[in-house]
Every structure is written in C-alpha cells, then in structure tokens.
Amino acid sequence: MTYLFQRLAQGILVLLGVTTIVFGLTFLSGDPAVTLAPLNTTREELELFRQRMGLDRPVPVQYADFIASAVQGDFGESFRYHEPAMGVVLERVPATLRLTVVAILFSLLVSVPLGVLAAVHHNGPIDAIARFLALLGQSVPSFLLGIVLILVFAVGLRWLPSSGGAGWQSLILPGITVGGFSAALLTRVLRSSLIEALGQEYVRTAYAKGLSRRAVVLRHALRNAALPFVTLLGLQVGFLLSGAIVAETIFSYPGMGRLAVEAIATKDIPVVQAFVTVAAAIVVLVNLGVDLAYRAIDPRIRLS
Amino acid sequence: MTRVRLPATAVAGIVILVAIVLFALLADAIAPRSPEAQRLVERLDPPAWAGGVHGYVLGTDHLGRDILSRVIYGSRVSLTVGLAGVALSGAVGVTLGLAAGYLGRRWDAVIMRIADVQQAIPSLVLAIAVVAVLRPSIVNLIVVLAVTAWVSFARVVRSEVLSLRESLFVEAARVVGARDLRIVARHILPNTAASIIVIASLMIANMILFEASLSFLGLGVPPPTPSWGRMVFEGLEYVSTAWWVPLFPGVAVMLTVLGTNLLGDWLRDALDPRQRGR
C-alpha cells in the first residue's frame, strides 16, 4: 500500500514536471505572446492579446496561474475549435487508444510465437529467419511500412481501407504500422531472455523430472523469460504513441496525433500543450500499471 | 598480428553505410540531375524499368523532379542530422551522467528527476511541441533530437560510474592525490567508452528514423532541401497511382537504418561479450 502511494506521488511529480516543460515551451521563441497569438496577428492586436492573456505579468505569477489551471485540466481555449483545448484533445483519445491496443495485440501475436520458436530452435534456420525479420522490423520506418501495407492491401488486393476511422477494418493497417517496430523489438528480447532461461539449472531439473519439452519451455522457461518482456512492453507505450502520430497522418485516422500535427499547422498552441500533457499522463499511468503487474507476476519482488 | 574476423552481417552493414556516405559526399558528381530541377511535362513518370518513357531510373515526382537525384542528395540531411544529433546528445548525456554518478547526492537526484520527466514525454510528442513553437530548421532539428536522446546516454554512464567510483584503481588515484576532474577524465571516462560507443551506434539509427518521421510530418528541414521523410510525405498523395514517388525515399531510410543496426549489433557483440550470440 505504501508502495502504491509512493509510486502515485512519483507519477504526480513527473506530471508536474511535464506541465512545467509545457509552460516553458512558450518562452522558447523569446516572447510567449508571439508564440501563443494566432497566425496573422498585427502588432496592436499582439499587445491587446498580451494584456488579455495576462502575459504582461511577472513570470512566476504566470507560472503559478498556469499550473493552477493545468491541474484542473484547463489549458485555455483552442483557437481553431473555440472550445477548451483539453476537451478537444480528450475527445480524440479513445480513437488513439484503440489504435494502440490493436498495435500491442499485433506485436504480441507476432513476437510471442516467433520469439519462442527462435529460442527453442536456437541457431537453427527458424532462428535465423526470426533474427532477420526482427532486424528488418527495427529498420523499417513506420511510414514505409504504412505505405507498403496500403499498396498491398488497399490498392492491390482491395481488402482494407487506406484511410478513415470508421469500422474495425480501418484499425488493422494503421495498427500494424504502429506495432511493427515493437513486434520486432519484443521478438528479440523474448528470444534472448528465453535462450538464457533455457540454459538455467532449473530447466535441466525439469527435464530430469521427465517433463516434456513443451512443458519445460512453456511452464518453466517462458515464465521466467516473461519478466523483461513485460517491462519492455510497458516502456513501449511512448514508442507506440509516437508511432500513432505517424500512422494517423498516413491513414487520415482521426486520433489525437493527427489533431496535434494539424494544430501545429494552424498554430493552435493550447491544443499542443494539452496534447503533450495527455500523452505524458498516458505514459505515466501505463508504467504505473505495468509496475504493479510486475509485482503481481514475480513473487520475488512482492516479498522484498 | 591478430586477424579480426568480421561476420557477414557486419560487412553488409559497412558496405551499405560506406555507399550512403559516398552518396552524401559525392552527390554533385553522382546525381544524374539537379535535385530541384522541375520538368512538369515529365511529371509522375514511372521508373524506366517499370514502363517509364523518359528514362528516369527511379521515376519522377509530382513536379517532374528526378527521384534518384533527390534520394542521393537526401542522404546529406539524414547523415548530418543523425551524426550531429548523436554527438550533441552524447556530449550532454555523458556529461550529466558523469556528474550524476560521480558527484552523487543532490546532483544525482536533480539530474535523474529531470530524466524521469523527460522519459514520460514520448520523443515524437516532445519534438512536435518544440517544433510547434520554434520554426523548423536543421539546427533546431538537431537540438530537438539531442533533447530527446540524452537520457539514454546519461542513465548508462551514471550506472557505470556508480560501480567504477568504488573500484580499486579510482581509490588508488585518490590516495595519490589526484583531483576529481582528473579522476573522472583519466580513469572513469575511458572505462565507460565501450558502453558509450554501443549506445551511440544504436542511437544513430534511432536519430535517422526520428528525423525522417519528423520530416514526414512536415516538421523537419524545410523545402526545397531534399529530405527522405519529406519526399515520402509529398508522395503519399500519389501512392495509389504513382507508388514510386513515396516508396524509394522510404527504402533509402530503411537501408540506412539497417546498415547502422547491422554495424551496431556487431559492435555490441564485440564490445560486450555477455551479449554474444543473442
């Protein structure tokens, strides 16, 4: 319980740091009024804007004000949608989360069987193929993967749509695009940790007991190899969110990544600020969840 | 003399990288045309071997520019940004890692808390935010890459320093009366070199992918400088009718990253025997 409390406090501190960065961003250009003002603002309008937004106050006051609002989820109004920026971003979160879940499912469906097969047939032909696929998967930029998928499954075979966000079909190609890199990385990690596990004493003991190879691999070795795998899966969330931005642009998918890219084009800074905060909050929450799951899986951590 | 035996994969990586470095250095001599020359009458011409009538090896884009020449010139942006990004993030990350590990206490706490905050923001998200307020340029791009990548260097260097700090040879140097700066520079830093090289080699691949992704989102080096990511972005509109426009620059990114990864894997195996064969 104290541990959970500690981790929660840590997460809140991190998010406070993130909002500080988000606040500091507006000063990067030298003048936050210039950064925040909509495009095509005249000099007179800029001064008015500065007063209206309170940007003429001392920086510490502005900072305190910003944090106080941010804690309540208030990042100001979107210039483009004339609605609260946080609401505009939150509206798009479910679509991006759906995409991320499909990506995780895809990367698990690929990496678990491939990683296990490669480890069991260590140094054999299957292992060589798995290693090659993993290396290729880590080298393909997600936009290239997306384009090849469009060419094959949308333009060539006409099986799946190449854009839009309607129906489960529109999730498949973007999901694979987002999950491709993680699938490759997870395959590599599962393979190497399983190879290590298979060389351990308890595996020899399990064989000596007369257990079948299947039982040894799945029940003993895989359980121990699962730990680094789960940790890495948690760390993938940031990658997946980054990948979602690219995939949403390729497939015109209505998620928060595409919203953010559009917000830059229209210089809708409050939306960008809310987007960064929401993305970081997702990362912090998922890592908290993985941390707790980790303790549930591994009794050694639970006891200590 | 011991002969160094390179595995075939490392050789393949080196061949790919040497070719791309030559492309970047000798672009003016190798590229058949100017990367910015437009011939609208010859726009969206397929590659010569795929039905093209104007004899372009990799076809032309929507403005009638030669894709092969643009891919060759595009290597410059990728390599410049990749190498400079790694150098800058490495310099910052190693310095902060040394400070956190060696000075400990408050330094360690502050630097590692900043690292925690940094890692909570996905790299592309942070890059988007920075580019949103700064205008995209090659310098800003390198700074953004360095800001998102220093943590990897800092964490590894810090953890190595923590154990090196307690080692006998550091203690010996301290007993002899060496100053902290000398101990860090002469005794600790050289012992972290292997890890730094391994991370740097893997980070270059990441940086190139990352630069390409940013350019793809329209947040990279501004046109007309040819960059692979931007070429893919511009070609995306024509993907269903003129596949060669977005495909070839994307393949160029893939080959560069593949070459770097092949070399990086070999370096990791060579420098860290515990990882061998995995």
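This is a guided tour of a predicted model, going from one selection to the next.

**Stop 1: chain B as a whole**

Start by selecting chain B and colouring by secondary structure. You will find 10 helices and zero strands, so to speak a run of α-α-α-α-α-α-α-α-α-α when read along the sequence. The C-alpha atoms of chain B fill a box of roughly 75 × 55 × 30 Å along the principal axes. Of the 278 residues in chain B, 47% are buried. Now turn on contacts: among those in chain B with a separation of 6 or more, 70% are between residues 24 or more positions apart.

**Stop 2: an enclosed helix in chain B**

Next, select residues 123-133 of chain B, which form helix α5. Are these residues buried or exposed? In this helix, 11 of the 11 residues are buried, so helix α5 of chain B is largely enclosed by the rest of the structure. The buried residues of α5(B) include Ser123(B), Leu124(B), Ile128(B) and Val133(B). Keep Ile128(B) in mind, as the tour returns to it at the core.

**Stop 3: Leu202(B)**

Move on to Leu202(B), in helix α8 of chain B. Leu202(B) has 20 other C-beta atoms within 10 Å and is buried, because 20 or more is the mark for that. Add Leu267(B) to the selection: the two residues are 65 apart along the chain, while their C-alpha atoms are separated by 9.6 Å.

**Stop 4: where the chains meet**

Show both chains and look at the interface. Here 39 residues of chain A are in contact with 36 residues of chain B. To see which parts of chain A take part, select the elements that give two or more residues to this side: α1 (2-25), α6 (125-139), α7 (142-156), α8 (169-198), α10 (213-250), α11 (256-265) and α12 (269-297) of chain A. Colour that side by residue type, and its residues divide into 29 nonpolar, 10 polar and no charged.

**Stop 5: a pair of helices in chain A**

Keep α10(A) and α12(A) on screen and hide the rest. Two packed helices are described by the angle between their axes and the distance between the axes. For this pair the angle is about 175°, and the axes are 9 Å apart. Angles over 145 degrees count as roughly antiparallel, and α10(A) and α12(A) are therefore roughly antiparallel to each other. The contact includes Leu227(A), Val230(A) and Gly234(A) from α10(A), and Ile282(A), Val286(A) and Asn287(A) from α12(A). The residues of this contact divide into 13 nonpolar, four polar and no charged.

**Stop 6: the largest nonpolar core**

Which residues touch the most other members of the largest nonpolar core? Select Ala260(A), Val272(A), Phe275(A) and Ile128(B), which hold that place in a core of 139 residues. The largest share of this core, 17 residues, comes from helix α8 (residues 180-216) of chain B. Domain 1 (2-71) and domain 2 (92-251 + 281-303) of chain A both give residues to the core, so the core lies between them. Zoom in on Phe275(A): leaving aside neighbours within four places in sequence, Phe275(A) is in contact with Val89(A), Met256(A), Leu259(A) and Ala260(A). Apart from the largest core lies another, of 23 residues, among them Ala118(A), Ala184(A), Leu185(A) and Val189(A).

**Stop 7: the two domains of chain A**

Give the two domains of chain A separate colours. Their centres, taken over C-alpha atoms, are separated by 37 Å. Four residues of domain 1 are in contact with four residues of domain 2. On the domain 1 side, these are two nonpolar, one polar and one charged.

**Stop 8: Leu99(A)**

Now select Leu99(A), in helix α5 (residues 85-120) of chain A. With 29 C-beta neighbours inside 10 Å, Leu99(A) counts as buried. Not counting residues up to four places away in sequence, Leu99(A) touches several residues, including Leu171(A), Pro174(A), Val178(A), Ala244(A) and Tyr253(A). Leu241(A) is 142 residues from Leu99(A) in sequence and 9.4 Å away in space, C-alpha to C-alpha.

**Stop 9: two loop residues**

Most residues other than glycine have a negative phi. Select Arg158(A), in the loop between α7 and α8 of chain A, where phi is positive at about 60°. Arg158(A) is exposed, with 9 other C-beta atoms within 10 Å. End at Lys267(A), in the loop between α11 and α12 of chain A. Lys267(A) has a positive phi of about 55° and counts as partly exposed, with 19 C-beta neighbours inside 10 Å.

Definitions and conventions. Residues are numbered from 1 along each chain as its sequence is written. Chains are lettered from A and ligands numbered from 1 in the order in which they are written. This is a predicted model: local features need pLDDT of at least 70, side-chain atom pairs count only at pLDDT 80 or more; totals for chains, interfaces and linings use all residues. Helices (H or I, at least four residues) and strands (E, at least two) are DSSP runs, numbered from the N terminus. A residue is buried if 20 or more other C-beta atoms lie within 10 Å of its own, exposed if 12 or fewer, and partly exposed in between; C-beta atoms are placed from the backbone. Two residues are in contact if their C-beta atoms, placed from the backbone, lie within 7 Å. Ala, Val, Leu, Ile, Met, Phe, Trp, Tyr, Cys and Pro count as nonpolar, Asp, Glu, Lys and Arg as charged, and the others, Gly among them, as polar. Axes are lines fitted to C-alpha atoms, for helices over the stretch in contact, and angles run from 0 to 180 degrees between N-to-C directions. Angles under 35 degrees count as roughly parallel, over 145 as roughly antiparallel, 65 to 115 as roughly perpendicular and the rest as oblique. A nonpolar core is a set of buried Ala, Val, Leu, Ile, Met, Phe, Trp, Tyr and Cys residues joined through C-beta atoms within 7 Å. Domain bounds come from an automatic or database domain assignment.
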